[in-house]
Each structure stands twice: as C-alpha cells, then as structure tokens.
Amino acid sequence: FDISAGEIVALVGPTGVGKSTIADLIAGLQYPTGGHILLDGIPLESLSPKTRTEYIAVTFQESFLFADTIRENIALGRNYNDKKIYESLKAAQAFEFVQELPNGLNSVLGERGVTLSGGQRQRITLARALAGSPKLLFLDDSTSSVDPVVEKKILDNLRLQSNMTLLIVAHRLSTIKLADRVVFLNDGSIEGTGIHEEMMNIPAYFSLVRAYESNGFSS
C-alpha cells in the first residue's frame, strides 16, 4: 500500500495479522524477506541508521522509560533545549502533568517509569518521538492506556504537525474515524483501503469493528 506525505492512516486488522510486524519493519527491527519499504522512493534498508532515526519514529504499546529525569528520557542525549521539549510535551498532552510534578522536567522517574501511570508513560514516550520532528511517525497501539478524550486531543495536535505522516495501529472506533484513510489487513493480505464508512461494506471489517465496540474500544 502507498501512503501520501502528510496523510493519517489507520492500520486495522485482527490480532496476529502483522500490524506490529509492519512497525518493526519500519523501525528497522526486522528486514523484509521480499519486496521493499520505500521512503520517498528509497528502500529503508539502504538508509543509514542515522538517517532512518532522523526521518522515522516508532512508538510501541509498551513504553520504556529510564530511571532518569523526564528531560533526559525525552532528549536521550540529543541536544534539545527546554522550549523544544515543552513543545513536544504539549503535543503529547503531557505538559500539564509534568508541570505539576515537584521538579518538573528535572523529576526523576523510577525504573521503567513506575512512578507514572500507563497513560502518562505512553505520553512521555510520544513526546520523545516528537522531539525529533520525524517525517513519519508510527504509533503501534501506543495510546492504548490514554483516555479517549485525551487521545483525540493528541491526534488533533499531531494533525497540526507540518510535514509529518502518521501511521496508527487502531483498536478504538474513535481513533479509526480520525484517520484520513483505513488500511484493513486480514488473512495475510490487504482486504481493503478507504475511509471508515466505505470499509463498513466489507463483512470482515464490519465484524471486527463491532467486536471492538462490544469489548469497550468504541469510546
């Protein structure tokens, strides 16, 4: 499938269909056994790690944070000033709760971020990704612990990011509807692509979305 620059695309499909594998491929954690993933026509495997890191950011459902300050957890040794970090926190809807911490950006997190809630950890991880101003951001179910209202604010903020393409693994109907387009993966292939309303004509997609709703993912 092709994704246009600046587009927001939701990847939807049953468990085990390969959504997270696509995230791994884009992040360079796996490499294609056939074919290529192209960025502006260039195969990803031909890009240097430095170039790949500058252009692409992938955030996963499991947020990994270090026993260090929030500032260092976002910067990861990169030379970002506080203004850049604050901008990233605001886009990730994390600015307010960080400001409320006793030491703000200098607050030290516990190992793996145990001092924060799951949703807060995911938002710090997202701010880390955004700080690098990636051209392509892949959210692999990385807002699953965030309140749906906050998630909508995050996606609205991401939509305002200039020159950024967004891929989202989505399980909430509200998230799916926010995307410009849906790519439906099923039974080892792409069964359909289009806006959500069009995709509801595909029986397998209709059934999956209804299952999300009945399992509490519709909000």
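## Two helices that cross

In this predicted model, helix H4 passes helix H6 in a right-handed crossing. To find the two helices, look for residues 82–91 for H4 and residues 118–131 for H6. Their axes come within 8 Å and cross at roughly 130 degrees. H4 and H6 are therefore oblique to each other, since that angle is neither in the range of 65 to 115 degrees for roughly perpendicular nor over 145 for roughly antiparallel.

Which residues make the contact? On the H4 side they are Lys84, Ser88, Leu89 and Ala91, and on the H6 side Ile124, Ala127, Leu130 and Ala131. Sorted by type, the residues of this contact are 6 nonpolar, 1 polar and 1 charged.

## Ser107, in the loop before H6

Next, follow the chain through the loop between helix H5 (95–100) and helix H6, where you will meet Ser107. Is Ser107 buried or exposed? Its relative accessibility is 8%, so Ser107 counts as buried, the cut-off being under 20%.

A polar atom of the Ser107 side chain lies 2.9 Å from the backbone oxygen of Gly104. Setting aside neighbours within four places in sequence, Ser107 is also in contact with Asp68, Thr69, Ile70, Leu101 and Pro102.

## Gln61, in another loop

Gln61 sits in the loop between strand S4 (56–60) and helix H3 (70–75). With a relative accessible area of 44%, Gln61 is partly exposed.

Not counting residues up to four places away in sequence, Gln61 touches Gln122, Asp140, Asp141, Ser142 and Ser144. You can also find Ser20, 41 residues from Gln61 along the chain, with 9.8 Å between the two C-alpha atoms.

Definitions and conventions:
Residues are numbered from 1 along each chain as its sequence is written. This is a predicted model: local features need pLDDT of at least 70, side-chain atom pairs count only at pLDDT 80 or more; totals for chains, interfaces and linings use all residues. Side-chain values use heavy atoms; hydrogens and water are left out. Helices (H or I, at least four residues) and strands (E, at least two) are DSSP runs, numbered from the N terminus. Buried means under 20% relative accessible area, exposed over 50%, partly exposed in between (1.4 Å probe, protein chains only). A polar contact is a pair of N or O atoms within 3.5 Å; within protein, one must be able to donate a hydrogen and the other to accept it, and residues adjacent in sequence count only if both atoms are side-chain atoms. Contact means heavy atoms within 4.5 Å. Axes are lines fitted to C-alpha atoms, for helices over the stretch in contact, and angles run from 0 to 180 degrees between N-to-C directions. Angles under 35 degrees count as roughly parallel, over 145 as roughly antiparallel, 65 to 115 as roughly perpendicular and the rest as oblique. A crossing is left-handed if the near helix is turned anticlockwise from the far one by less than a right angle, and right-handed if clockwise. Ala, Val, Leu, Ile, Met, Phe, Trp, Tyr, Cys and Pro count as nonpolar, Asp, Glu, Lys and Arg as charged, and the others, Gly among them, as polar.
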